[in-house]
Structure formats: C-alpha cells, structure tokens
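Below are my notes on the model you sent, set out as numbered points. Please read them with the structure open.

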Amino acid sequence: MRKRILPLAIAMSAIVTLTGITTMADDNAALKEKNAKDQERIENLNKEVDQKNTEIDSAKKEVNVISQKISDLSQQIADGETKLLKLKKDIRENTEELEKNQAEEVKIRKEMKLRIQYMYENANTNLLVLMFQEENLTDFLNSAEYKSKITSYDREQVEQYAALIEKIKQRKERNETLLSEQTAIQNELTDHRSKSKELLKEHEALIAKNEHLIDDMSSEISELKETISKRESQIKDNIAAAQAKLEEAKRAAAAAQAAPAAPVNSGTNGGGSAAPVAPPTTVKPSGSGYVWPLPPNQTTISSPFDPNRRLVWADYINGGHIGADISAPTGTPVYAAKGGVVVWSAFSSDAGNMVCIIQDDGFISRYMHMSARSVSNGQVVSQGQQIGAVGATGLATGPHLHFQIESDPNAPWGSTAFDPLSLY
C-alpha cells in the first residue's frame with residue numbers, strides 16, 4: 001500500500017506551527033474558564049447587591065415610619081416647650097407678685113409694731129406681754145385679747161395683714177407646683193429628644209453599613225469586569241495569532257499536496273504514519289460528498305446543533321451548541337467525514353481529545369471528546385479513515401462524538417459553524 005507523506009522540512013514546520021495553535025487553544029480554554037468563574041462571581045455579587053438594596057429599601061421605609069413618629073414627637077416637644085414657656089412666665093409673674101406681697105407684709109408688720117408700741121406707751125402693757133407670749137406676730141394679732149383692745153382701723157389692718165400672709169402662702173405653694181410641673185415637662189422633653197435620636201440611630205447605621213458593602217461589591221464587580229475584558233482581549237489576540245499559524249499550516253499542507261508522492265510500504269521503518277483504515281463498505285458518501293463519522297448503526301443524536309442553547313458555560317462562550325452530539329459506546333471508531341490535512345490533534349481541557357481537519361473542500365471539521373486519537377498534526381487523511389475513538393474526555397457527561405463543521409477555517413472559532421446533519 002502506498003501513501004503520501006510530507007517532505008521532512010515541511011512536516012516539521014507544520015508540526016511546530018500546529019503545536020503553537022494547540023498551546024494557544026489550551027490557553028484560550030483556560031482563559032475562558034477563568035472568565036466563566038469570574039462571570040459567575042459577578043452574578044453572585046449582583047444578587048448580593050440586590051439583596052442589600054432590598055434591605056436598604058426596607059430600612060428606608062422603616063425610617064419613614066420613624067420619621068413620622070419623630071414628627072409626632074417633635075410636635076409634642078413643641079407643645080411642651082410652649083407650655084414650658086407659659087409656665088416660666090407664670091412662675092416669673094407669681095414670683096414678682098410674691099415679692100410684692102412679701103414687701104407689703106414687711107411694711108404692714110412695721111406699722112403694726114409701731115401701733116402696738118403706741119398702745120403700750122399709753123398704758124396697754126398687757127399687749128406687750130401678750131405679744132411676747134405668742135409664737136409670732138400673726139398669732140398675736142389673731143388673739144382675742146388683742147382684738148378686744150383694738151379699734152376698727154386696727155382691725156382692718158389686722159385682717160389685711162392676715163389676708164396678705166395667706167396670699168403669700170398660696171403663691172409659694174403655686175410656685176412649688178409650677179416648678180414641679182416645669183421639671184416634669186423638661187424631663188419629658190429630654191426623653192422625647194433621646195427617643196428621637198435612638199429611633200433613627202439603628203436604621204441609619206444599617207443603611208450606612210449596606211451602602212458601604214454595596215460600594216465594596218461594586219468595586220469588586222468593576223475589577224472583575226476589567227479582568228474579564230483583558231482576558232477577552234488576550235483571547236482575541238490568541239485567536240488572531242492562531243489564525244495566522246493556521247494559515248501557515250494550510251500553506252504547508254498545500255505544499256505537501258503539491259510535493260511528489262514518496263512511496264512507502266506499510267510495515268516498513270520509513271517513519272510514515274500508519275496506513276489508513278478503510279471504513280465499512282456501508283459507509284458511503286452522501287449527496288454532498290460526506291461520509292458518516294461513525295459506523296452506520298451509530299446514529300443517535302443526543303444533542304443537535306442549536307445556537308440558542310444555553311445549558312453549560314461553554315454555550316455562552318461559543319454562542320450555543322455549534323455541533324451535533326452523536327451517542328456511541330466508548331471505543332467506537334471515528335472516521336474522517338472528508339479527506340484533508342490534520343491541523344490539530346491534541347487534548348483540550350474542554351474539548352478533550354480533539355482532531356481538527358482542514359478538508360479538501362476548504363471547510364474545517366472538528367471531532368471532540370474522543371477516548372483516543374489515531375492521527376497526528378500535519379498528517380494527510382483520506383475520507384473514511386479512522387482518526388480516533390469515541391470517548392467522554394474534557395467537559396462531557398457521557399461517551400459521545402461532538403461533530404462540528406465550519407465553512408471558513410480563517411474565521412474565529414465556531415463563528416461559521418453550521419448544522420453538520422444538513423450534509424446528510
């Protein structure tokens with residue numbers, strides 16, 4: 001059996017180029033994984049921000065209720081202060097009247113003493129003895145013996161003095177009542193003011209705390225978004241570099257196709273790749289010229305091509321499910337749907353064991369999650385040749401082949417992908 005092999009220099013150049021593409025692809029996969037985790041963190045932070053905003057709204061509503069209570073207390077305080085001012089005025093006026101009464105009492109007392117002295121000097125000595133026997137002047141003036149010896153004028157003076165003494169007593173008592181009421185109102189006002197401050201203190205503290213937490217989370221969100229943006233720029237740069245290297249690999253493959261064929265017998269030590277394994281005779285090209293990538297009895301589609309699917313984080317990154325998943329037992333042979341040049345035969349953290357082929361028709365086909373790869377970078381493969389075996393490597397929940405075809409190898413990953421089942 002004969003096969004075409006690449007000239008050594010071209011083959012080495014292609015392998016080095018494709019190794020670089022594989023490395024960049026792995027780097028991009030790692031960057032995408034980090035971005036997905038950071039995006040998840042951002043979503044969680046946004047949920048926490050929403051929760052804190054809800055708590056703030058609730059606290060603000062409570063503050064509004066408290067503000068109404070404070071408004072009521074403020075009115076009570078205002079009423080109390082008005083009442084207090086009136087009390088102070090009453091106390092001041094009562095005190096002024098008391099002082100006048102006390103001054104008048106002193107004046108009348110002096111006059112009464114002079115009158116008694118006059119009566120004594122005019123032979124009423126018993127009055128002087130009686131005055132010293134009584135405890136105070138009022139008792140003396142109220143004594144029956146004194147009253148029997150005084151004139152009507154004296155009696156009027158005594159009654160006036162007694163009334164004045166009673167008035168002084170009442171004013172003193174009223175002052176004590178007013179002062180007591182003033183103290184009670186002052187204490188009540190102090191209590192109202194204290195309650196007003198305490199009512200707001202706790203809720204204002206909660207609002208301030210939550211606003212501070214929101215500021216911190218918002219800062220973290222901004223930092224994460226900036227990091228994600230930088231990674232996305234790096235991913236774009238990697239893709240651009242990979243496209244350049246892919247173009248280089250295509251040129252190398254074209255040179256290989258144009259190079260003269262070097263016959264190599266199977267089983268020799270010429271260093272060539274293993275001879276292609278022919279597919280079963282029942283695997284025939286479709287009307288579009290493609291063969292089914294699995295044995296003809298393995299046709300169960302577990303997940304069709306769906307650019308709107310968003311089940312896993314890779315769907316968000318790739319723009320949906322951009323291939324068809326075909327279920328098959330682990331180890332089931334995987335065939336090249338179309339002949340071409342292998343530009344990528346490597347392991348990827350998300351795609352697992354993957355083989356990419358730039359086909360003879362200019363399209364690129366990808367075969368992912370395989371348990372093993374049986375072709376290498378730079379190798380020319382024929383249509384229907386076995387390139388690997390079904391598996392569940394990378395991000396896969398069970399054994400299947402992810403079969404993906406893109407119309408433009410130079411476009412960003414998956415951007416020109418279409419439903420591969422449309423070819424059958």
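**Notes on the predicted model**

1. Three aromatic pairs are present in the structure, which is a predicted model. In one of them, the ring centres of Trp-292 and Tyr-424 are 5.1 Å apart with the planes at 80°, so this pair is edge-to-face. Trp-292 belongs to the loop between α5 (152-258) and β1 (301-303), and Tyr-424 to the segment after β11 (417-418), so the pair ties together parts 132 residues apart in sequence. Trp-292 counts as buried because its relative accessibility is 15%, under the 20% limit. Tyr-424, at 35%, counts as partly exposed.

2. Phe-363 and Phe-418 form another pair: with ring centres 5.7 Å apart and planes at 75°, the geometry is edge-to-face. Here too distant parts of the chain are linked, since Phe-363 sits in the loop between β5 and β6 and Phe-418 in strand β11, 55 residues apart. Phe-363 has 24% relative accessibility and therefore counts as partly exposed.

3. Which residues have the most contacts inside the largest nonpolar core? They are Leu-294, Val-334, Ile-357, Tyr-367, Ile-387 and Leu-401, in a core of 21 residues. Two or more residues each come from β5 (352-359), β6 (364-370) and β10 (400-406). The largest share, three residues, is that of β10.

4. A second core, separate from this one, has 15 residues, including Ile-42, Met-217, Ile-221 and Ile-228.

5. Leu-401 can be used to inspect the largest core, being among its residues with the most contacts. Leaving aside residues up to four places away in sequence, Leu-401 touches Pro-293, Leu-294, Ala-324, Asp-325, Ile-326, Val-334, Tyr-367, Met-368, Met-370 and Val-390. Leu-294, Val-334 and Tyr-367 are also named among the core residues with the most contacts.

6. An open sheet of three strands has the order β3-β9-β7, with antiparallel pairing. Why do β3 (333-335) and β7 each have one side without a neighbour in the sheet? Both stand at the edges and have a single partner strand, so one side of each is left free of a neighbour. Between β7 and β9 (residues 386-389) there are two bridges. Arg-373 has Gly-388 in β9 as its bridge partner.

7. Asn-377 is placed in the loop between β7 (372-373) and β8 (380-381). Is Asn-377 buried or exposed? With 14% relative accessibility, this residue counts as buried. Its side chain reaches the backbone nitrogen of Ser-345 at 2.6 Å.

8. Gln-186 lies in helix α5. Its relative accessibility is 32%, so Gln-186 counts as partly exposed. Leu-84 is 102 residues away from Gln-186 in sequence, but the C-alpha to C-alpha distance between the two is 7.7 Å. Not counting residues up to four places away in sequence, Gln-186 touches Leu-84 and Lys-88.

9. On confidence, the average pLDDT of the protein chain is 75, and 69% of the residues score at least 70. Residues 1-12 have pLDDT below 50, and this stretch makes 26 contacts in the model beyond near neighbours in sequence. For residues 260-282 the pLDDT is again below 50, with 30 contacts beyond near neighbours in sequence.

Terms used: Residues are numbered from 1 along each chain as its sequence is written. Side-chain values use heavy atoms; hydrogens and water are left out. Helices (H or I, at least four residues) and strands (E, at least two) are DSSP runs, numbered from the N terminus. Buried means under 20% relative accessible area, exposed over 50%, partly exposed in between (1.4 Å probe, protein chains only). A polar contact is a pair of N or O atoms within 3.5 Å; within protein, one must be able to donate a hydrogen and the other to accept it, and residues adjacent in sequence count only if both atoms are side-chain atoms. A nonpolar core is a set of buried Ala, Val, Leu, Ile, Met, Phe, Trp, Tyr and Cys residues joined through side-chain atoms within 4.5 Å. Contact means heavy atoms within 4.5 Å. Two strands pair if DSSP finds at least two bridges between them. pLDDT is the predictor's confidence in each residue, from 0 to 100. Rings of Phe, Tyr and Trp (its six-membered ring) pair if their centres lie within 6.5 Å; planes under 30 degrees apart count as stacked, over 60 as edge-to-face and the rest as tilted.
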